[in-house]
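Here's a quick briefing to read with the structure open beside you. Take it one topic at a time and find each residue as you go.

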Amino acid sequence: MRAIVPHLELCTGCRMCEMACSLHHEGLVNREWGRIRIHRKGIEHYVPVACNQGASCDKECVKVCPVDCIRDVNGHAIEVVREECIGCGECVEACPYNAIHMRGDVAFKCNLCDGDPTCVKFCSLKAITFEEGVPEEFDRAKDAAEAMR
Amino acid sequence: MNGFAGRILKIDLTTGAVEKSPLPEAFIRTYLGGTGFAARFLYDNVPPNADALGPSNVLILAPGLLNGFPVPTGGKVLFCAKSPLTGTIAESVMGARLGSELKRAGYDLLLVSGVSGSPCYIYIDDEDVEIKDAGGLWGKDTRATAEDIRRTEGDAVVACIGIAGENLVRYANIDCEDRQSGRGGLGAVMGSKRLKAIAVKGTGNLRPHDADKLMDLCLRYTERMIESTAFNDDTKYGTGEFLEWMNSEKGTFPTRNWREGVFDDREKIDPYHWAPLYTKRNNACLACPKPCGRIFGIDEGKYAGLRIDGIEYELLYSLGGLCGMGDIEELARANELCDLHGLDGISAGAAVAFAMDLFQDGILTREDTGGLDLEFGDPEAELKLIEMIARREGLGDVLAEGVKRASERIGKGSEDYAVHVKGMEPPAYDVRGIKGMALAFMTSSRGACHLRSCAYALELTGKFWKFEGVDRFSTKGKGVEIKELEDMMTVYDVLGVCKFSRGFFLAEGFVDILRTVTGLEFSESEILGLGERINNLKHMFNLREGLTRDDFRLPKRLLTLPIPEGVSKGHVVTEEEMNKMLDDYFEARGWSKEGLPTEEKISGLDLV
Ligand code: SF4
Ligand code: SF4
Ligand code: SF4
């Protein structure tokens with residue numbers, strides 16, 4: 001499955017992806033509504049993190065959801081069916097990539113914008129691309145983001 | 001109203017009082033945001049002739065209206081106060097996340113007044129606003145300060161001062177995530193309030209009037225920027241991209257304290273030479289798809305491990321050519337010192353160059369310099385002097401006052417070596433060969449400045465916006481030109497859009513963006529009228545501070561010493577040319593010969 005693949009050295013920290021993602025999905029801007037997030041440390045490091053759609057994980061979020069509301073709805077991406085989400089937060093705990101989030105009492109994650117990712121269009125230096133990712137790419141981002149905490 | 005947080009936050013450091021008040025709608029329409037809000041609040045809250053470093057000056061933080069939205073390059077925020085360097089309004093814009101964070105915390109403007117009894121920092125977390133003890137942070141550099149605060153406050157965006165601000169260096173700046181509110185001494189204002197830092201965390205939503213249309217517009221402009229010819233040069237070489245052109249084709253790169261207009265060692269500081277060797281990655285301002293910001297890193301030698309954002313064109317001039325210094329690693333170190341201590345690198349470099357020039361002519365001797373040989377081109381002397389300025393040691397204490405005051409202190413004819421307008425050391429444009437820019441230096445409300453008008457772009461290429469066939473050596477039509485450009489560029493500072501995108505939006509583009517973000521209908525001419533209103537307001541502030549026509553003069557060196565070599569050889573601004581351009585400008589502004597706006601003008605602009 002294709003996903004949002006991070007290229008760490010290229011990310012400029014402009015945060016267009018975060019803002020655009022939130023604007024596209026929620027009609028407002030709020031980093032906490034971004035399905036993609038930029039982590040920063042010091043002067044030299046930015047790391048974009050979004051869901052890898054199972055390219056590098058065992059879809060832990062899907063496995064732990066007690067009401068099975070996280071699933072592949074249209075063949076593009078694993079998504080949270082909002083109406084069914086009970087807000088338990090299990091998926092957030094389970095995701096090893098920190099790529100699924102809660103706001104209020106609903107979980108949300110990247111759904112690849114129905115196959116036409118908004119964030120990628122806003123990423124001028126191609127620090128994120130929409131393609132078949134290899135696990136190492138996601139893992140590097142994950143390790144880098146964790147090292148920042 | 002959509003696009004705004006809707007409230008103003010006032011903090012009095014003397015009493016500790018915190019006040020949140022609604023932003024009146026009529027006020028929004030008249031001033032819109034950014035520099036508009038800031039100028040009005042400064043005018044209304046600072047009593048005439050207040051001591052810039054005393055309790056009655058205020059420090060204003062004003063996000064541009066578009067902060068937080070993905071409008072490309074719309075992430076600019078500014079600090080504003082009465083300047084300790086020029087005595088005029090000071091405002092300085094930076095591309096940091098501070099603005100969007102403040103809006104998301106729920107405030108369109110922060111106004112800090114009074115003076116704290118002991119070092120403190122302001123912490124804003126949505127509704128929670130606190131004045132906290134900064135005793136342990138006093139004396140720390142900007143990076144260590146921000147890191148310490150983030151350790152306590154988590155993911156806050158931190159703006160802070162270094163020791164230069166603490167020591168009231170009149171051109172100390174404010175740092176936020178390696179972006180600086182650089183010019184006019186705003187860091188000294190913070191220092192005078194014993195305010196080490198401002199940390200902001202915001203979690204609120206920013207809601208545009210029409211999300212779908214805004215999305216379309218943002219994407220369209222982003223794509224346009226990616227496809228533009230500027231994209232490659234900006235992202236690869238940064239602002240220094242045109243350094244060689246300024247030297248060889250225009251002959252207008254101020255060198256050795258404005259003795260020359262071409263730098264012989266320019267190749268060594270040209271980014272086409274050093275960028276491939278030292279650039280680690282791009283580092284964007286908030287919302288910028290074509291980042292000129294890049295991380296410069298040194299991996300070996302005595303500066304191994306050095307990392308800065310830069311080196312910007314302006315500092316290649318001030319810390320490089322102006323001091324006759326052509327070693328890029330030493331230049332990077334000078335840049336780093338300025339960043340860590342919180343010094344405006346333009347003024348700091350200019351102060352060093354001024355001292356070197358005096359040393360060369362024997363006006364300063366080793367006795368004055370504490371044994372330092374202040375030779376042009378000597379990196380050791382330069383670095384040492386920057387350190388002395390930040391710490392206000394010896395000669396550094398004198399230079400920390402800026403070249404105007406320093407020359408008054410030194411005397412012995414040193415005034416003739418002090419290059420400034422209204423007390424501000426100029427940026428990297430040798431205006432003897434760019435007449436419109438000479439006028440722009442003269443008229444800028446904050447002292448010699450390239451960004452109030454951005455006239456260099458038009459002057460050097462002959463073409464921009466509605467202007468064509470402009471001759472940089474001629475004084476013809478410059479009054480109207482600078483007035484119009486100032487009004488337009490002020491709109492960029494209202495909205496918080498980068499002036500390096502000036503060619504993409506213009507008044508025309510802002511009509512749609514304003515509508516989709518706020519729902520407000522502004523015509524093109526209303527948008528430009530807003531810029532005019534704000535510029536008149538800034539001017540009224542300056543007049544109230546006692547500015548007269550004399551304060552619009554160029555310094556003696558630019559009026560008497562022609563550029564000696566290069567393409568612009570022989571050019572100088574004569575007294576007559578200076579006066580003619582100024583007359584034309586005042587006329588274009590609808591001001592008297594003495595620069596006083598008529599009653600009519602003021603009421604016509606809704607400024608009473
Ligand atoms: S848009 Fe691209 S460069 Fe900008 S923050 Fe996102 S991933 Fe990084
Ligand atoms: S949210 Fe996390 S666990 Fe679920 S598919 Fe994405 S990366 Fe895997
Ligand atoms: S693909 Fe869409 S949903 Fe996923 S991170 Fe990008 S913008 Fe957000």
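Let's start in a loop: Ser124(A) sits in the stretch between helix H4 (118–122) and strand S8 (128–132) of chain A. Keep in mind that this is a predicted model. After that loop, we'll look at aromatic rings, charges over rings and the surroundings of a ligand.

**Ser124(A) and its partners**

- Is Ser124(A) buried or exposed? Ser124(A) is buried, because its relative accessible area is 7% and the cut-off for buried is under 20%.
- The side chain of Ser124(A) also reaches over to chain B, where the backbone oxygen of Pro289(B) is 2.5 Å away.
- If you skip the neighbours within four places in sequence, Ser124(A) is in contact with Ile226(B), Phe231(B), Pro289(B) and Lys290(B).

**Aromatic pairs**

- How many aromatic pairs does a search of the whole structure find? There are 23 over all chains.
- Take Trp274(B) and Phe296(B): their ring centres are 5.4 Å apart and their planes meet at 65°, so this pair is edge-to-face. The cut-off for that label is over 60 degrees.
- Trp274(B) belongs to helix H11 (residues 271–278) of chain B and Phe296(B) to strand S14 (residues 294–297) of chain B, so the pair ties together parts that are 22 residues apart in sequence.
- Both partners are tucked away: Trp274(B) is buried with a relative accessible area of 0%, and Phe296(B) counts as buried at 0% too.
- Now look at Trp465(B) and Phe467(B), whose ring centres are 6.1 Å apart with planes at 75°, so that pair is edge-to-face as well.
- Here Trp465(B) is partly exposed, with a relative accessible area of 26%, while Phe467(B) counts as buried at 15%.
- Ring pairs can also join up into a cluster, and this one links Phe242(B), Trp245(B), Phe253(B), Trp258(B), Tyr313(B), Tyr317(B), Tyr429(B) and Tyr456(B).

**Charges over rings**

- You've already met Trp465(B): the charged end of Lys466(B) sits over its ring, 4.5 Å from the centre.
- Lys422(B) does something similar with Phe552(B), lying over the face of the ring at 4.0 Å from its centre.

**Around ligand 2**

- Which residues are around ligand 2? They are Cys51(A), Asn52(A), Cys57(A), Glu60(A), Cys61(A), Ile78(A), Cys95(A), Tyr97(A), Ile100(A) and Lys109(A).
- Sorted by class, that shell around ligand 2 has seven nonpolar residues, one polar and two charged.

Terms used. Residues are numbered from 1 along each chain as its sequence is written. Chains are lettered from A and ligands numbered from 1 in the order in which they are written. This is a predicted model: local features need pLDDT of at least 70, side-chain atom pairs count only at pLDDT 80 or more; totals for chains, interfaces and linings use all residues. Side-chain values use heavy atoms; hydrogens and water are left out. A residue is near a molecule or strand if one of its heavy atoms lies within 4 Å of it. Ala, Val, Leu, Ile, Met, Phe, Trp, Tyr, Cys and Pro count as nonpolar, Asp, Glu, Lys and Arg as charged, and the others, Gly among them, as polar. Helices (H or I, at least four residues) and strands (E, at least two) are DSSP runs, numbered from the N terminus. Buried means under 20% relative accessible area, exposed over 50%, partly exposed in between (1.4 Å probe, protein chains only). A polar contact is a pair of N or O atoms within 3.5 Å; within protein, one must be able to donate a hydrogen and the other to accept it, and residues adjacent in sequence count only if both atoms are side-chain atoms. Contact means heavy atoms within 4.5 Å. Rings of Phe, Tyr and Trp (its six-membered ring) pair if their centres lie within 6.5 Å; planes under 30 degrees apart count as stacked, over 60 as edge-to-face and the rest as tilted. A charge sits over a ring if NZ of Lys or CZ of Arg is within 6 Å of the ring centre and within 35 degrees of the ring normal.
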